[in-house]
Amino acid sequence: MLERWCGVIGWEELYQVSNLGCVRSITRIVAAKNGSTRRHTGRVLTPTPNSLSGRLQVNLSNGPIRKFAYVHRLVAEAWIGPCPDGMEVCHGPAGMSDNAVSNLRWDTRSSNAK
């Protein structure tokens, strides 16, 4: 399958997520506190497992704003669409470590538990 990229919802200027479940930062110019600027070279982020759930997460940041985000959630929001009321992201038969859009769906919590 060909890897394609689109902006992370709410972080479009800083991060992209692929249909295969990868997250990358975008190359950009960053202003320092002293008024100077520096080039931030984009890179593919290395996800880490959440200590409680085991789900893969990445750290997103925009200066002082930092947020841990689940990769499966970023992929689903970007490639499937907004989360319908009462739904959550569910992984398919390939399991929790496969965050490709082909292995994700919006479904109910009870369906996800099965």
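# A guided tour from strand pair to pocket

Start by selecting N59, which stands opposite F68 in β8. Before going further, keep in mind that what is on the screen is a predicted model, and that every stop below refers to that model.

**The strands around this pair.** Now widen the selection to β7 and β8, two strands that run antiparallel and are joined by 6 bridges. Adding β6 completes an open sheet of 3 strands, in the order β6-β7-β8 and with antiparallel pairing. If you follow the sheet to its two sides, you come to the edge strands, β6 (48-49) and β8, each of which pairs on one side only.

**The helix across them.** Select residues 71-79 next, and you have helix α1, which lies across β7 and β8 and runs at about 85° to β8. Keep α1 highlighted while you bring up β1, β2 and β3, for the helix lies across these three strands as well, running at about 85° to β2.

**The second sheet on the tour.** With those strands in view, you can see another open sheet of 3 strands, this one in the order β1-β2-β3, and its pairing is antiparallel. Its edge strands are β1 (5-7) and β3 (23-25), and each of them pairs on one side only. Looking along the sheet, you will find that neighbouring strands are turned against each other by 35° on average, if direction is ignored. Select strand β2 (residues 15-18) together with β3, and you have two antiparallel strands joined by 3 bridges; within this region, Q16 stands opposite R24 in β3.

**A stop at C6.** Which residues does C6 touch, once its neighbours within four places in sequence are left aside? Select C6, which has its place in strand β1, and show what surrounds it: the contacts are with Q16, V17, A78 and W79. A distance label is useful here too, since the C-alpha atoms of C6 and S18 are separated by 6.4 Å, although the two residues are 12 apart along the chain.

**The largest pocket.** Turn next to the largest pocket, which has a volume of about 400 Å³. To place yourself at its centre, select Y15, R28, H40, S61 and R66, which are the closest to that point among the 19 residues that line the pocket. You can then colour the elements that give two or more residues to the lining, namely β4 (28-31), β5 (37-40), β7 (56-62) and β8 (65-70). Which of the elements gives the most to this lining? It is β7, with 5 residues, the strand in which you have already seen 6 bridges to β8. If you colour the lining by class instead, you should find 6 nonpolar, 9 polar and 4 charged residues.

**Stepping back.** Finally, clear the selections and show the whole chain, which has 2 helices and 10 strands. Traced from the N terminus on, its elements run β-β-β-β-β-β-β-β-α-β-β-α, and along its principal axes the C-alpha trace spans about 55 × 30 × 25 Å. Colouring by burial picks out 30% of the 114 residues as buried. If you display contacts between residues at least 6 apart in sequence, 30% of them join residues that are at least 24 apart.

Key
Residues are numbered from 1 along each chain as its sequence is written. This is a predicted model: local features need pLDDT of at least 70, side-chain atom pairs count only at pLDDT 80 or more; totals for chains, interfaces and linings use all residues. Side-chain values use heavy atoms; hydrogens and water are left out. On a 1 Å grid over the protein atoms alone, a cavity is a set of points where a 1.4 Å probe fits but cannot get out, and a pocket is an open set with protein on both sides within 12 Å along at least five of seven lines; lining residues have an atom within 4 Å of a point. Grid points are joined across faces, edges and corners, and a volume is the space filled by probe spheres set on the points. Helices (H or I, at least four residues) and strands (E, at least two) are DSSP runs, numbered from the N terminus. Ala, Val, Leu, Ile, Met, Phe, Trp, Tyr, Cys and Pro count as nonpolar, Asp, Glu, Lys and Arg as charged, and the others, Gly among them, as polar. Two strands pair if DSSP finds at least two bridges between them. Contact means heavy atoms within 4.5 Å. Axes are lines fitted to C-alpha atoms, for helices over the stretch in contact, and angles run from 0 to 180 degrees between N-to-C directions. Buried means under 20% relative accessible area, exposed over 50%, partly exposed in between (1.4 Å probe, protein chains only).
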